[in-house]
Amino acid sequence: MGSLNGKVAIITGAAKGIGEATAKLFAKEGAKVVVSDVDEENGKKVVEGIKKAGGEVIFVKADTSSPDDNKNLVKKTVKEFGALHIAVNNAGIGGPLAKTADYPIDGWKQVIDINLSGVFYGTKFQIPEIIKAGGGSIVNIASILGQVGTANSPAYVAAKHGVVGFTKTAAIEYAEEGVRVNSVGPGYIKTPLLSALDDETLEYIKGLHPMKRLGESNEVAELILWLASDKSSFVTGNYYAVDGGYLAR
Ligand SMILES: NC(=O)c1ccc[n+]([C@@H]2O[C@H](COP(=O)([O-])OP(=O)(O)OC[C@H]3O[C@@H](n4cnc5c(N)ncnc54)[C@H](O)[C@@H]3O)[C@@H](O)[C@H]2O)c1
C-alpha cells in the first residue's frame, strides 16, 4: 500500500525537474495526481508516463503568477477527483543574473510574481478545499537561497526568503484546522533550471556542497513525499533543507 493512497495532490511546475520527479513518486505511492505547468507539451508527456505506469493523473495548464489560474486549478482538481488533500507549490524560475544596481526591474517583478506571489495564490485557493477534505499538507518549494544570500540573484533570494516566512504564517493560521504547511529548500539540483550556468560555474557550485556534487530531483521528491504524507503528522511551519550539507558551513 502506498503512503498516499486515496489522496489527491496538485503539483505545480510538474512538466520538468523536481516537479516531474515528485508527480511520478506521488503517483507510485497511490495519489491521484494533477500535473500543472505552463509547459503543456512536457506536462502532457509526464501525464502519459504516469498513465503508462498505471497511475491516475490529469494535466491542468496554469500560470502560477495568475490568481485566476490558481483558482481554476483547484476547481478543476476537485471537479475531476472530488477533493484536494495535498499541494506542492513548486513552479519557479531562476530569473536574470545581475548585481542589484544592474538588476532589471521587469526581471525582479517576474521572479517575485512567479516564485513568491505564485506560492501565495496557490496556498490561498488550496487551503479551503483541503479543510473541506478534512485536512492535508501543503509543501512550498523554497531553496537554500531562502536561508542565505548569493550574489547576482537578488529577486530569487528575496522570493525564496519570502516563501519560507509566508509558509510559517499559513501554518500557524491553519494548524487547528488540520492543514500542515512546510517549505523545502533544495541545494543545487540537476534540472533544466541550471541550464543557464556554464560548466566552470557548475564545478564551482558543486564545491559549495560538502558532498561535492549536485542533487538529483528524486532526492528532493523523497523529502516532499514525507512532508506530504501522514508520516509527518506533527510537522508544520518549518523549513527542511535537502542540500548535501550546503547550509551546514
Ligand atoms: N534546480 C535547483 O538547483 C533548485 C534549487 C533550489 C530550489 N529550486 C526550486 O525548485 C523548483 C523547481 O525547480 P526545477 O529545478 O525543477 O526547475 P525546472 O526549470 O526544471 O522546472 C520548473 C518548472 O516550472 C514551470 N514553470 C515556470 N514558470 C511557471 C509558471 N509561471 N507557472 C507554472 N509553471 C511554471 C516550468 O515550465 C518547468 O516545468 C523551483 O521553485 C526552483 O526555484 C531548484
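Here's a quick briefing on the sheet, the helices packed around it and the largest pocket. Keep in mind that this is a predicted model. At its heart for this tour is an open sheet of seven strands, and the largest pocket holds about 1,200 Å³ of space.

**The sheet**
- Strand order runs 3-2-1-4-5-6-7, with parallel pairing.
- Strand 3 (57–61) and strand 7 (239–242) are the edge strands, so called as each pairs on one side only.
- From one strand to the next, the twist averages 20°.
- Strand 1 (residues 8–12) and strand 4 (residues 86–89) pair in the parallel sense over three bridges, and Ala9 has Ile86 of strand 4 as its bridge partner.

**Helices on the sheet**
- Helix 5 packs on the sheet and touches strand 5 (136–141), strand 6 (179–186) and strand 7, with its direction at about 160° to that of strand 6.
- Helix 7 (residues 217–228) also packs there, touching strand 4, strand 5, strand 6 and strand 7, and its direction makes about 165° with that of strand 6.

**Helix 3 against helix 4**
- The axes of helix 3 (residues 67–81) and helix 4 (residues 105–132) come within 9 Å and cross at roughly 35°, in a right-handed crossing.
- Among the residues in contact are Val74 and Val78 from helix 3, with Tyr121 and Phe125 from helix 4.
- The contact splits into five nonpolar, four polar and two charged residues.

**The largest pocket**
- Its lining takes in 49 residues, with Ile93, Gly94, Tyr156, Leu193 and Leu194 nearest the centre.
- Helix 6 gives the most to that lining, with four residues.
- By class, the lining has 25 nonpolar, 19 polar and five charged residues.

Methods. Residues are numbered from 1 along each chain as its sequence is written. This is a predicted model: local features need pLDDT of at least 70, side-chain atom pairs count only at pLDDT 80 or more; totals for chains, interfaces and linings use all residues. Side-chain values use heavy atoms; hydrogens and water are left out. On a 1 Å grid over the protein atoms alone, a cavity is a set of points where a 1.4 Å probe fits but cannot get out, and a pocket is an open set with protein on both sides within 12 Å along at least five of seven lines; lining residues have an atom within 4 Å of a point. Grid points are joined across faces, edges and corners, and a volume is the space filled by probe spheres set on the points. Helices (H or I, at least four residues) and strands (E, at least two) are DSSP runs, numbered from the N terminus. Ala, Val, Leu, Ile, Met, Phe, Trp, Tyr, Cys and Pro count as nonpolar, Asp, Glu, Lys and Arg as charged, and the others, Gly among them, as polar. Axes are lines fitted to C-alpha atoms, for helices over the stretch in contact, and angles run from 0 to 180 degrees between N-to-C directions. A crossing is left-handed if the near helix is turned anticlockwise from the far one by less than a right angle, and right-handed if clockwise. Contact means heavy atoms within 4.5 Å. Two strands pair if DSSP finds at least two bridges between them.
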